[in-house]
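The following explanation is intended for a reader who meets this structure for the first time. It proceeds from one strand to the interior, then to a helix, and finally to cysteines and charged pairs.

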Amino acid sequence: TAEKRAVAFYENVNAHFPTWSEGWTSAKEAMKIDSAAQTLIATSVPTPETGCLDGVSFVFTGEPIHISRKGAEKLVKDCGAFVRSAVSGKTNYLVIGNAMEDGRDVTTGVKYKKAKQIIAGKNKSNLKILNELDLFALVREQSK
């Protein structure tokens, strides 16, 4: 997958680029390449591992940038999670996109506001709000 290729590239970056002694022109140049590699890894859609999110409940709102909303829902379902249509006290994660389908900011939406109420409430809740890159990181971490 693209993710595996990116990780392999990043882990062996010196094989693809000159070392300091072979002529880097500046530390800034090296940092730009490192930053680009990290961005490539972070934004690549992870490969789902069956069961890594068993029993976890997700709700999605807004449109992500690096994956379609349906693709994100499929990703977590393939990992064993549940996708719900509304936020409740039983929701583990609300995944927010870059903007709502109509262009509004996601913080103006009903699901986001409900999640903030639950998090701020007196009842103990494990609800967390993630963006799509946080979701990718969660899937990668749980797949280890």
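**A strand and its surroundings**

Leaving out residues up to four places away in sequence, Ser57 touches Phe82, Arg84, Lys90, Thr91, Asn92 and Tyr93. The model in which these contacts are found is a predicted one. Ser57 belongs to strand S1, and its relative accessibility of 8% places it among the buried residues, since buried means under 20%.

Strand S1 also holds Thr61. Thr61 counts as buried, at 5% relative accessibility. When residues up to four places away in sequence are not counted, Thr61 touches Arg69, Leu94, Val95, Ile96, Gly97, Met100 and Lys111.

Phe60 may be considered next. Apart from its neighbours within four places in sequence, Phe60 is in contact with Arg69, Ala72, Glu73, Val76, Val83, Leu94, Val95, Lys111 and Leu135.

From here the account turns to the interior. The largest nonpolar core comprises 18 residues, and those with the most contacts inside it are Leu53, Phe58, Phe60, Val76 and Leu135. Two or more residues of this core come from each of strand S1 (57-61), helix H3 (69-78), strand S3 (93-96) and helix H5 (132-142). The element that gives the most is H5, with 4 residues. There is also a second, separate core of 10 residues, which includes Val87, Leu94, Met100 and Leu127.

Helix H3 deserves a description of its own. Which of its residues are buried? In H3, Arg69, Ala72, Glu73, Leu75 and Val76 are buried. Viewed down the axis of H3, these buried residues fall within an arc of 155°, so they line one face of the helix. A general property of helices is relevant here: an α-helix has 3.6 residues a turn, so residues three or four places apart point the same way. The cover over the buried residues of H3 includes S1, strand S2 (82-84), helix H4 (110-120) and H5. After H3 comes Gly80, which has a positive phi, near 100°.

The cysteines may now be examined. A search of the whole structure finds 0 disulfides. Cys52 takes part in no disulfide, and the nearest cysteine sulfur, that of Cys79, is 3.5 Å away. Why is there no bond between the sulfur of Cys79 and that of Cys52? The separation of 3.5 Å is too far for a bond, because a disulfide requires the two sulfur atoms to be within 2.5 Å. Both residues are nevertheless hidden from the surface by the criterion used above: Cys52 is buried, with a relative accessible area of 13%, and Cys79 is buried at 0% relative accessibility.

The charged residues complete the picture. Side chains of opposite charge can pair when their charged atoms come close. A search of the whole structure finds 5 salt bridges. In one of them, Glu73 pairs with Arg69, the closest N and O atoms being 3.7 Å apart. Both Glu73 and Arg69 lie in helix H3, 4 residues apart, about one turn of the helix.

Arg69 is buried, with a relative accessible area of 18%. Arg69 also forms a salt bridge with Glu101, where the closest N and O atoms are 2.4 Å apart. This pair links distant parts of the chain, for Arg69 is in helix H3 and Glu101 is in the loop between S3 and H4, 32 residues apart. Glu101 is partly exposed, at 47% relative accessibility. Arg69, Glu73 and Glu101 are thus linked in a network of salt bridges.

Another salt bridge joins Lys144 to Glu141, with the closest N and O atoms 3.6 Å apart. Are the partners of this pair buried or exposed? Lys144 is exposed, at 78% relative accessibility, whereas Glu141 is partly exposed, with a relative accessible area of 46%.

Notes
Residues numbered from 1 in each chain as written. Predicted model: local features only at pLDDT ≥ 70, side-chain atom pairs only at ≥ 80, totals over all residues. Heavy atoms only, no water. Core = buried A, V, L, I, M, F, W, Y, C linked by side-chain atoms within 4.5 Å. Buried < 20%, exposed > 50% of the residue type's maximum accessible area, 1.4 Å probe, protein only. Contact = heavy atoms within 4.5 Å. Arc of directions from axis to C-beta. Salt bridge = Lys/Arg side-chain N within 4 Å of Asp/Glu carboxyl O.
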